[in-house]
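Thanks for coming, everyone. I would like to walk you through one chain this morning, beginning with a single side chain and working outwards, so please have a look at the slide first.

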Amino acid sequence: MTTPAQTESTEAQAPTSVVLTDVAAQKVKALIEQEGRDDLRLRVAVQPGGCSGLRYQLFFDERSLDGDVVTDFGGVEVVVDRMSSPYLSGATIDFADRIDAQGFTIDNPNAGNSCACGDSFN
């Protein structure tokens, strides 16, 4: 017989933060090194706007805000604020460097719809 506690411990837990791929982490690390500062972290946020209702923001930040979720990826800290965290839970950030696309991409399982440009979602 399985107790409720045993059942809970064997179930897969949903990711509670964003995931930064190795390629994206290397790119972020290189960009921070270009800035010549060691106090910067990658902040990922969701703000109202864009053609689908919500827009992603990625930027370097040295601040620490109350409720921030901080995750380390090989020496690169990714910070998500308390309000954005539910929208970004389980999202994967990657970096593409191809002839048809270059830049950071976000694969977000929470996005119901996204626009053609890929910068906003709902």
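With which side chain does the side chain of arginine 43 make a polar contact of 2.6 Å? Before I answer, I should say that this is a predicted model, in which local features need pLDDT of at least 70 and side-chain atom pairs count only at pLDDT 80 or more, while totals for chains, interfaces and linings use all residues. Residues are numbered from 1 along each chain as its sequence is written, and side-chain values use heavy atoms, with hydrogens and water left out.

The partner is aspartate 61, whose side chain makes that 2.6 Å polar contact with the side chain of arginine 43; by polar contact I mean a pair of N or O atoms within 3.5 Å, where within protein one must be able to donate a hydrogen and the other to accept it, and residues adjacent in sequence count only if both atoms are side-chain atoms. The side chain of aspartate 68 is also joined to that of arginine 43, by a polar contact of 2.8 Å. Arginine 43 lies in strand S2, helices (H or I, at least four residues) and strands (E, at least two) being DSSP runs numbered from the N terminus. Arginine 43 counts as buried because its relative accessibility is 3%, where buried means under 20% relative accessible area, exposed over 50% and partly exposed in between, with a 1.4 Å probe and protein chains only.

Let me move one residue along. In S5, valine 44 has valine 80 as its bridge partner, and valine 80 is also the bridge partner of valine 69. S2 and S5 run parallel, joined by 3 bridges, whereas S4, residues 69-73, runs antiparallel to S5 with 5 bridges; strands pair if DSSP finds at least two bridges between them. Of the 5 residues in S5, 4 are buried.

Now to the interior. The largest nonpolar core, meaning a set of buried Ala, Val, Leu, Ile, Met, Phe, Trp, Tyr and Cys residues joined through side-chain atoms within 4.5 Å, has 20 residues, and Val44 and Val78 are among those with the most contacts inside it. Helix H2 (22-35) and strand S5 (76-80) are among the elements that each supply at least two residues of this core, and the largest share, 4 residues, comes from H2.

Finally, H2 itself: Ala24, Ala25, Val28 and Ile32 are buried, and they sit on the same side of H2 because they cover an arc of only 100° around the axis, taken from the directions from the helix axis to the C-beta atoms. The face turned away from that buried side carries the exposed residues Asp22, Gln26, Glu33 and Gln34.
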